[in-house]
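Here are my notes for you on this one, as numbered points. Keep the sequence and the 3D view open while you read.

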Amino acid sequence: MSARPQLGITAAANSAALFLTYNQSSAEGALANVLNVLRQIPALEAEYRTQYPDADFHAVAAIGSGYWDRLSAHKRPAELAPFPALENGGNVAPFTPVDLLFHIRSERKDLNFQFASALSAQLGDAVELVEEVEGFRYLDSRDLTGFVDGTENPEGEHRIDVAVVGDEDRAFYGGSYIHIQRYVHNMTHWNRLQIKAQEDIMGRTKAENIEYAGADKALTAHTKRTSLKDSNGNSVEILRHSMPYGDLQACGLLFASYCRNNQNFRLMLESMVSGDGEGHTDHLLKYTRAVTGAAFFAPSVEGLAELGS
Ligand code: HEM
């Protein structure tokens, strides 16, 4: 039987999420405890899915690029690499050293919290929490800028083609490369723009969410900078599971992408931050700023069970 991807990799969007990032501590037995918890995640997720069938619960466990070799010394996903930190004038994409990601999501914020609490208790002093970000669905799946986010995401079976490692890396079949970045929006600055100026930056209309015609999209529009083709003319794709987060003091987007390779996200990020070589960078970045960035690999269910061996 071939390896099964963790369920949350391709599952449809939910209305509530928790993104938990941790570093392993130096406590005695920490590594063994982390391994033990990681192996149990699919079974714990299955318990929640049985007990709360209407909640559409998911919990993906993923391992940071810098931590992988401590959990699995002998084999490493072919493309697992550190987060590609970038800087170009005022555009930044910083790198945050992180060992573990748990992406918990469902239709019930209370269940997400309960699962996270149990997870945290089991991990105990083996880890230190780096960040806990609570994502929520805003209106009809809009980012806090007011634009629908996720429209051009792959759908149906195509989500597997885009997000799950296949025969190209047999040892890691069923896994997925994840990148996360926490963006903080400058809402005051953004809200001062006319709607048409906001739409030009996104390359889509705001209320109706209609894509601009190709000829009308500026080279600096977000959707222009992120719709890329490879040298064979095929679309470069990722599966986004980003969620709005925050409060009245600081808010933005917890960007999350899943992909069968490591490079699609990097190519898009370079296109946004560094531009096209002719000075066209993503003008969305004038209104939002990445404050974290990390790269992970989410092994298959069987791959999680084999970690440490
Ligand atoms: C499209 C928002 C960061 C990749 C979009 C759309 C919105 C949006 C509103 C249009 C609707 C859709 O197709 O989803 C944002 C915001 C971001 C952000 C608010 C940060 C604060 C990123 C990053 C990447 C990315 C970091 C990848 C490195 C994409 C892609 C599309 C897209 C691939 C679809 C483009 C197309 O084919 O039309 N984003 N995004 N986004 N975004 Fe982002």
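**Notes on the predicted model**

1. Let's start with the ligand. It has 23 residues around it, and the closest of them are Phe147, Glu152, Tyr183, Thr226 and Met268. Some elements give two or more residues to this shell: strand E7 (176–185), helix H7 (222–226), strand E12 (251–259) and helix H8 (263–273). Keep in mind that you are looking at a predicted model.

2. What kinds of residues make up that shell? Sorted by type, the shell around the ligand has ten nonpolar, nine polar and four charged residues.

3. Now the record. UniProt, in an unreviewed entry, lists residues 6–137 as "domain: Dyp-type peroxidase N-terminal". In the model this span is 31% helix and 30% strand, and its end C-alpha atoms lie 22 Å apart. For residues 140–301, UniProt (again an unreviewed entry) lists "domain: Dyp-type peroxidase C-terminal". That span is 22% helix and 23% strand, with 32 Å between its end C-alpha atoms.

4. Helix H3 is a nice one to practise on. H3 covers residues 109–123, which makes 15 residues, and at 1.5 Å a residue the helix should span 21 Å. The C-alpha atoms at its ends are 21 Å apart, so the expected span and the model agree.

5. Which residues of H3 are buried? They are Asn112, Phe115, Leu119 and Leu123. These four cover an arc of only 70° around the axis, so they sit on the same side of H3. Turn to the other side of H3 and you will find Asp110, Ser117, Ala118 and Ala121, which are exposed.

6. What covers the buried residues of H3? The cover includes helix H1 (30–51) and four strands you can pick out by number: E1 (16–24), E2 (58–64), E5 (100–106) and E6 (127–136). Once you step past the end of the helix, Gly124 comes just after H3, with a positive phi of about 55°.

7. Leu20 gives you a look at strand E1, where this residue has its place. Leu20 has 23 C-beta neighbours inside 10 Å, so it counts as buried; the cut-off for buried is 20 or more. Leaving aside neighbours within four places in sequence, Leu20 is in contact with Phe102, Ile104, Ala116 and Glu132. Try one distance as well: Leu20 and Leu111 are 91 residues apart along the chain, and their C-alpha atoms are separated by 15 Å.

8. Back to H3 for Gln114, which is found in that helix. Is Gln114 buried or exposed? Neither label quite fits: with 14 other C-beta atoms within 10 Å, Gln114 is partly exposed. Its C-alpha atom and that of Arg240 are separated by 25 Å, with the two residues 126 apart along the chain.

9. Compare that with His189, in helix H5 (residues 187–191). His189 has 11 C-beta neighbours inside 10 Å, so it counts as exposed, since 12 or fewer is the cut-off. His189 and Gln114 are 75 residues apart along the chain, and 37 Å separates their C-alpha atoms.

10. Two backbone angles deserve a second look. Most residues other than glycine have a negative phi. Asp56 is not a glycine, yet it has a positive phi of about 50°. You will find Asp56 in the loop between H1 and E2, and it is partly exposed, with 19 other C-beta atoms within 10 Å. Ser141, also not a glycine, has a positive phi of about 60°. Ser141 is in the loop between E6 and helix H4 (158–163), and with 15 other C-beta atoms within 10 Å it is partly exposed.

11. Last stop: Asn261, in the loop between E12 and H8. Which residues does Asn261 touch, not counting those up to four places away in sequence? They are Glu79 and Tyr177. Asn261 and Ala78 are 183 residues apart in sequence, and 9.0 Å apart in space from C-alpha to C-alpha. Asn261 is partly exposed, with 19 other C-beta atoms within 10 Å.

Key. Residues are numbered from 1 along each chain as its sequence is written. This is a predicted model: local features need pLDDT of at least 70, side-chain atom pairs count only at pLDDT 80 or more; totals for chains, interfaces and linings use all residues. The expected span of a helix is 1.5 Å times one less than its number of residues. The arc is that of the directions from the helix axis to the C-beta atoms. Two residues are in contact if their C-beta atoms, placed from the backbone, lie within 7 Å. A residue is near a molecule or strand if its C-beta atom, placed from the backbone, lies within 6 Å of it. Ala, Val, Leu, Ile, Met, Phe, Trp, Tyr, Cys and Pro count as nonpolar, Asp, Glu, Lys and Arg as charged, and the others, Gly among them, as polar. UniProt positions are given in the numbering used here, feature names are shortened, and annotations may be inferred rather than shown by experiment.
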